[in-house]
Amino acid sequence: MPEQTAGTRRTPPHDTAPATFTPTAPRRTHAPLTPATAVHALRRAADQVDAATPASRDRAIDALRALAILGVVLGHWLVTALVAQDGGLHTVSPLQHLPWLAPVSWLFQTLAVFFLVGGQVATRSLASARSRGDTYASWLRARLTRLLRPVAALLGLWSVAAVALLLTGAPLSTIHTLLKLALSPLWFLLVFAALTAATPLVARLNPLWPLAVVLHVDVLRFGLHLGPSWLGWVNVAAGWLVPYTLGAAWARGELRSRRSAWALLLGGTAATALLVTCADYPASMVGVPGAAISNLNPPTLAAVTFGLAQCGLALLLRDRLRRAMARPLAWAATAFVNLSAMTIFLWHQTAMMATTATGLLAGRLPGLHTPPDSVAWVGSRLAWLPVFALALALCWTAFRHHEQGPARPRNRASHVVRRHVPPTRSSRHA
């Protein structure tokens with residue numbers, strides 16, 4: 001949705017498009033920086049963001065988007081390992097050796113929530129654009145530009161890195177492993193961009209239709225063993241269309257009751273449990289190297305029903321999230337993650353791989369280069385998460401401008417939350 005500066009238009013109710021905020025320039029002082037002053041400055045900045053946010057903004061939607069992105073990042077960091085073996089790096093998952101860790105994938109495979117929020121936001125944004133008289137083309141261009149602009153930097157860096165690795169004689173298997181991990185987030189963006197473009201067609205589609213497609217595809221694949229080899233890839237569109245259309249239904253006001261949220265949560269949980277225990281679907285909701293069936297690549301019926309349960313839980317948490325986001329610090333952190341969502345998502349694998357490659361200079365480090373086949377590895381990997389986060393922060397510093405645009409003058413608005421200026425009331429309306 002095109003950005004609006006203060007005073008141009010009033011913010012439509014619950015508009016969750018990226019917003020703008022003009023912070024007050026802090027006065028320069030010569031007081032030394034101490035932990036107490038740093039905390040005070042942080043709280044003051046958080047208070048500014050909180051005060052500048054329109055009361056009509058539904059902060060629960062931003063919170064769900066932030067949780068979905070962070071869930072995917074932490075999930076990848078926990079279940080993906082690069083093991084140094086035979087002179088190269090190979091991808092291994094602890095789920096191969098420790099299948100009892102499958103519940104970890106239930107916590108951090110949060111893509112369905114992201115598609116739920118995406119469908120809700122896109123549907124409302126398109127309705128707002130139409131009410132303003134904007135064309136579909138301008139609406140789509142504005143939404144896809146910010147979504148896809150950060151991709152160019154990722155492709156450029158890894159193109160140079162691949163050539164450098166080839167010239168230095170790195171094994172082809174290592175280069176393939178690194179490129180596959182670094183570029184794996186792009187499949188998600190392609191699907192999300194396609195569904196965004198199709199919003200006018202699917203905004204009123206009943207979620208039962210794509211769910212029926214997934215069901216029939218899986219019956220043909222796993223029940224009757226019929227159909228071409230590519231049949232399962234139909235579920236890439238149909239499977240993620242289910243939560244996306246649920247988000248559109250949410251935008252239309254069809255999922256406001258707690259009864260509908262409970263129905264999704266309990267129905268999705270029961271269906272997933274039956275599919276895993278009785279139909280031999282994998283318990284892990286992410287792909288496991290070497291497994292005969294992946295619930296995610298392409299999505300299976302079990303992954304879709306699990307997504308229904310996640311969407312139900314997300315809808316149940318709306319009120320609690322709104323209350324939590326009333327705290328200025330929590331809301332400022334959520335606004336920051338939303339502002340940098342694509343940068344965080346695109347570069348989190350690169351941050352992990354950069355840490356792994358740098359660590360090789362010190363030898364084979366536990367939790368980083370060793371096989372993920374023990375509880376000790378899990379403990380060591382948890383200790384590496386802050387280092388991954390630091391590497392991701394460096395990537396964010398270097399590449400965030402590709403998502404947020406070039407640096408703005410001090411008197412221009414930045415994309416955090418929209419500056420809210422109440423309209424001037426005339427005497428006859430007083």
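## Buried residues and packed helices in a predicted model

Ser125 is buried, with a relative accessible area of 1%; buried means under 20% relative accessible area, exposed over 50%, and partly exposed in between, for a 1.4 Å probe and protein chains only. The model is predicted, so local features need pLDDT of at least 70 and side-chain atom pairs count only at pLDDT 80 or more, while totals for chains, interfaces and linings use all residues. Residues are numbered from 1 along each chain as its sequence is written, and side-chain values use heavy atoms, with hydrogens and water left out.

Ser125 lies in helix 5 (residues 111–132). Helices (H or I, at least four residues) are DSSP runs, numbered from the N terminus. The side chain of Ser125 makes a polar contact with the side chain of Arg143 (3.1 Å). A polar contact is a pair of N or O atoms within 3.5 Å; within protein, one must be able to donate a hydrogen and the other to accept it, and residues adjacent in sequence count only if both atoms are side-chain atoms.

Three residues are set out below.

| Residue | Helix | Relative accessible area |
|---|---|---|
| Ser125 | helix 5 (residues 111–132) | 1%, buried |
| His348 | helix 16 (residues 341–359) | 0%, buried |
| Phe108 | helix 4 (residues 102–108) | 23%, partly exposed |

Contact means heavy atoms within 4.5 Å. Not counting residues up to four places away in sequence, His348 touches Val72, Val73, His76, Trp77, Pro185 and Leu392. On the same basis, Phe108 touches Gly71, Val72, Leu74, Gly75 and Leu78. Phe108 and His76 are 32 residues apart in sequence, and their C-alpha atoms are 8.3 Å apart in space.

The largest nonpolar core has 102 residues. Such a core is a set of buried Ala, Val, Leu, Ile, Met, Phe, Trp, Tyr and Cys residues joined through side-chain atoms within 4.5 Å. Helix 2 (residues 59–79) gives the most to this core, with 12 residues. Among the residues with the most contacts inside the core is Leu346. Leaving aside neighbours within four places in sequence, Leu346 is in contact with residues including Pro150, Leu154, Ala182 and Leu189.

The axes of helix 6 (residues 136–167) and helix 7 (residues 172–183) come within 10 Å and cross at roughly 175°. Axes are lines fitted to C-alpha atoms, for helices over the stretch in contact, and angles run from 0 to 180 degrees between N-to-C directions. Helix 6 and helix 7 are therefore roughly antiparallel to each other, a term for angles over 145 degrees.

Technical notes. Helices (H or I, at least four residues) and strands (E, at least two) are DSSP runs, numbered from the N terminus. Angles under 35 degrees count as roughly parallel, over 145 as roughly antiparallel, 65 to 115 as roughly perpendicular and the rest as oblique.
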